[in-house]
Amino acid sequence: MVSAVFHSPLEAAAGRAAAAAPAKHITPARTAPAAAAAVQQAPEPAQHAPRDFSWVWLRLLPPILGFGLLLLVWELVALRSSNSFPSPGTVWQQALTVFSDPFYSKGPNDQGVGWNVLSSLQRVALGFGLAAAVGIPAGFAIGRFSFLANMFNPLISLLRPVSPLAWLPIGLLVFKGANPAAIWTIFICSIWPMIINTAVGVQRVPSDYMNVARVLDLSEWKIFTRILFPAVLPYMPTGVRLAVGTAWLVIVAAEMLTGGVGIGFWVWDEWNNLNVANIIIAIFVIGIVGLVLEFALIRIATAFTFEEVKA
């Protein structure tokens with residue numbers, strides 16, 4: 001049996017009006033935990049952190065204090081020497097005059113400080129280049145073959161402590177000239193660090209590498225190019241850096257004795273003229289050039305140094 005439900009006309013009209021009206025979206029009320037989470041997720045206003053200027057005290061202040069102490073001691077010495085020793089201000093004024101024209105030339109014995117520095121660097125480059133051409137291959141050979149190491153190690157131990165200037169008269173006697181004698185002195189003082197550091201680098205090559213080369217029956221040339229040279233490369237710049245530092249120290253003393261154009265001769269010539277201000281300027285020039293050479297070679301050595309060697 002089918003049951004029928006009858007609605008009145010008023011109820012039907014009310015139903016059609018409710019269907020035609022747009023439905024309103026009812027947002028449920030937030031609970032307390034949801035509201036707290038929303039508050040936590042809200043972006044906080046940006047706060048600018050105070051800048052850290054501690055690097056100024058750690059990096060800049062100590063060198064400034066060191067140079068300030070040097071200038072203070074220098075000024076006190078100048079005040080107590082009755083004007084015979086120039087003050088920092090006097091040397092500064094003289095430096096402005098010297099470096100206003102560093103490349104003047106008024107004869108072989110009267111040239112600017114720039115020409116003297118370049119002449120000294122040229123001698124250092126020639127002596128150092130010859131030492132590298134001889135010392136690095138000799139270091140490879142001494143480190144590679146124990147017979148050569150036993151043969152030359154006593155000679156190196158005997159000759160290395162000798163002062164480089166002791167070799168200068170030998171150079172004057174053999175080469176009959178001041179310039180070749182100075183280059184010879186640079187050569188003899190630069191060769192020992194290169195030989196020793198290169199030989200030590202070869203001797204520290206892991207024995208497993210050499211055993212593999214022996215199993216593979218590699219030639220000496222392949223052992224040198226594939227095993228020894230890459231392994232010794234971090235040690236070679238250290239020897240080069242020590243050699244250049246020693247060469248720059250020695251060339252000044254050698255030029256004082258041999259004469260000619262050079263920063264060492266310039267110092268000696270200014271002493272003969274009793275120009276102490278120029279001597280102090282030359283001291284700073286020698287230090288700055290040596291510092292630049294040292295910094296450049298340290299960067300080169302760092303570029304070719306492995307992490308385990310740095311450690």
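Here is a short walk through a helix, two loops and a buried contact in this predicted model.

Let's start with helix 6, which runs over residues 146–159 and holds 14 residues. From its first C-alpha to its last it reaches 20 Å, close to the 20 Å expected at 1.5 Å a residue. Even so, if you follow helix 6 along, you will find a kink of about 35 degrees at Phe152, shortly before the proline Pro154.

Next, have a look at two loops. In the loop between helix 7 (168–175) and helix 8 (178–203) sits Lys176. Lys176 is not a glycine, yet its phi is positive, at about 60 degrees. Is Lys176 buried or exposed? With a relative accessible area of 67%, Lys176 is over the 50% cut-off and therefore exposed. Further on, Leu274 lies in the loop between helix 12 (263–272) and helix 13 (276–303). Leu274 is a residue other than glycine as well, and its phi is positive, near 60 degrees. Leu274 has a relative accessibility of 65%, so it counts as exposed.

From that loop, step into helix 13, where you will meet Asn278. Here the surroundings deserve a closer look. Asn278 has a relative accessibility of 5%, which is under the 20% cut-off, so this residue counts as buried. Which residues does Asn278 touch, leaving out those up to four places away in sequence? They are Gln94, Val98, Trp266 and Glu270. With Gln94 there is also a polar contact: the side chains of Asn278 and Gln94 are joined at 3.0 Å.

Conventions:
Residues are numbered from 1 along each chain as its sequence is written. This is a predicted model: local features need pLDDT of at least 70, side-chain atom pairs count only at pLDDT 80 or more; totals for chains, interfaces and linings use all residues. Side-chain values use heavy atoms; hydrogens and water are left out. Helices (H or I, at least four residues) and strands (E, at least two) are DSSP runs, numbered from the N terminus. The expected span of a helix is 1.5 Å times one less than its number of residues. The bend at a residue is the angle between axes fitted to the seven residues ending there and the seven starting there. Buried means under 20% relative accessible area, exposed over 50%, partly exposed in between (1.4 Å probe, protein chains only). A polar contact is a pair of N or O atoms within 3.5 Å; within protein, one must be able to donate a hydrogen and the other to accept it, and residues adjacent in sequence count only if both atoms are side-chain atoms. Contact means heavy atoms within 4.5 Å.
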